[in-house]
Amino acid sequence: MNSGYARTLVDYHDWARDRMLEAVLALGDDEDNCALGSSFPSVRDTLRHTFGAEVVWLCRWQGESLTW
């Protein structure tokens, strides 16, 4: 993988994350915590997972290891 391709992937990730956040901000308080019947119980839990994974990968790219 070259640096240009890696940059493209990061740019796409940022774009997709920002679109997701815009959609979530449009939800009401009841909607972000209602049961989805999906992999995660709610939108809020999905966001926790998504951003938790983002933190883990950022730490790994920086050569750190997280311990929970």
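Here are some numbered notes on this predicted model, written to be read beside the structure.

1. A good place to start is S42. This serine is found in the loop between α1 (3-25) and α2 (43-61). Is S42 buried or exposed? Its relative accessibility is 2%, and because buried means under 20%, S42 counts as buried.

2. What does S42 touch? Leaving aside neighbours within four places in sequence, S42 is in contact with D32, N33, C34 and L36. There is also a polar link to look at on the other side of the loop's end: the side chain of S42 reaches the backbone nitrogen of D45, at 3.1 Å.

3. D45 deserves a second look for its own side chain. D45 forms a salt bridge with R48, and the closest N and O atoms are 2.7 Å apart. The two are three residues apart in helix α2, so about one helical turn separates D45 and R48. D45 counts as partly exposed at 23% relative accessibility, whereas R48, with a relative accessible area of 54%, is exposed.

4. On salt bridges in general, side chains of opposite charge can pair when their charged atoms come close. In this model the count comes to five salt bridges. You may like to step through some of them in the viewer.

5. In helix α1, the side chains of D11 and R7 meet in a salt bridge, with 2.9 Å from N to O. Why are D11 and R7 separated by about one helical turn? Because they are four residues apart in helix α1. Both ends of this pair have some access to the surface: D11 is partly exposed, with a relative accessible area of 39%, and R7 counts as partly exposed at 45% relative accessibility.

6. The next pair links two helices. E54 forms a salt bridge with R17, the closest N and O atoms being 3.4 Å apart. E54 lies in helix α2 and R17 in helix α1, so this pair ties together parts that are 37 residues apart in sequence. At 25% relative accessibility, E54 counts as partly exposed.

7. That pair does not stand alone. Which residues are linked in a network of salt bridges? They are D14, R17, D18 and E54, and it is worth displaying these four side chains together.

8. Now for the largest pocket. About 330 Å³ of space lies in the largest pocket, and the elements that give two or more residues to its lining are α1 and α2. The largest share, six residues, comes from α1.

9. If you would like to colour the lining of the largest pocket, the residues are M1, A6, L9, V10, H13, D14, R17, A53, E54, W57, L58 and W61. By class, this lining has eight nonpolar, one polar and three charged residues. D14, R17 and E54 are among the lining residues, and these three also belong to the salt-bridge network described above.

10. Further along α1, please look at V24. V24 has its place in helix α1 and is buried, with a relative accessible area of 17%. Leaving aside neighbours within four places in sequence, V24 is in contact with V43 and L47. For a sense of scale, V24 and D11 are 13 residues apart in sequence and 20 Å apart in space, C-alpha to C-alpha.

11. Last, a residue to set beside V24: Y5, which also has its place in helix α1. How exposed is Y5? With a relative accessible area of 48%, Y5 is partly exposed. The C-alpha atoms of Y5 and L36 are separated by 35 Å, and the two residues are 31 residues apart along the chain. L36 is one of the residues in contact with S42, which brings these notes back to the loop where they began.

Definitions and conventions: Residues numbered from 1 in each chain as written. Predicted model: local features only at pLDDT ≥ 70, side-chain atom pairs only at ≥ 80, totals over all residues. Heavy atoms only, no water. Buried < 20%, exposed > 50% of the residue type's maximum accessible area, 1.4 Å probe, protein only. Polar contact = N/O pair within 3.5 Å; in protein donor to acceptor, adjacent residues only side chain to side chain. Contact = heavy atoms within 4.5 Å. 1 Å grid on protein atoms, 1.4 Å probe; cavity = no way out; pocket = protein on both sides within 12 Å on 5 of 7 lines; lining within 4 Å. Points joined across faces, edges and corners; volume = space filled by probe spheres on them. Nonpolar A, V, L, I, M, F, W, Y, C, P; charged D, E, K, R; others polar.
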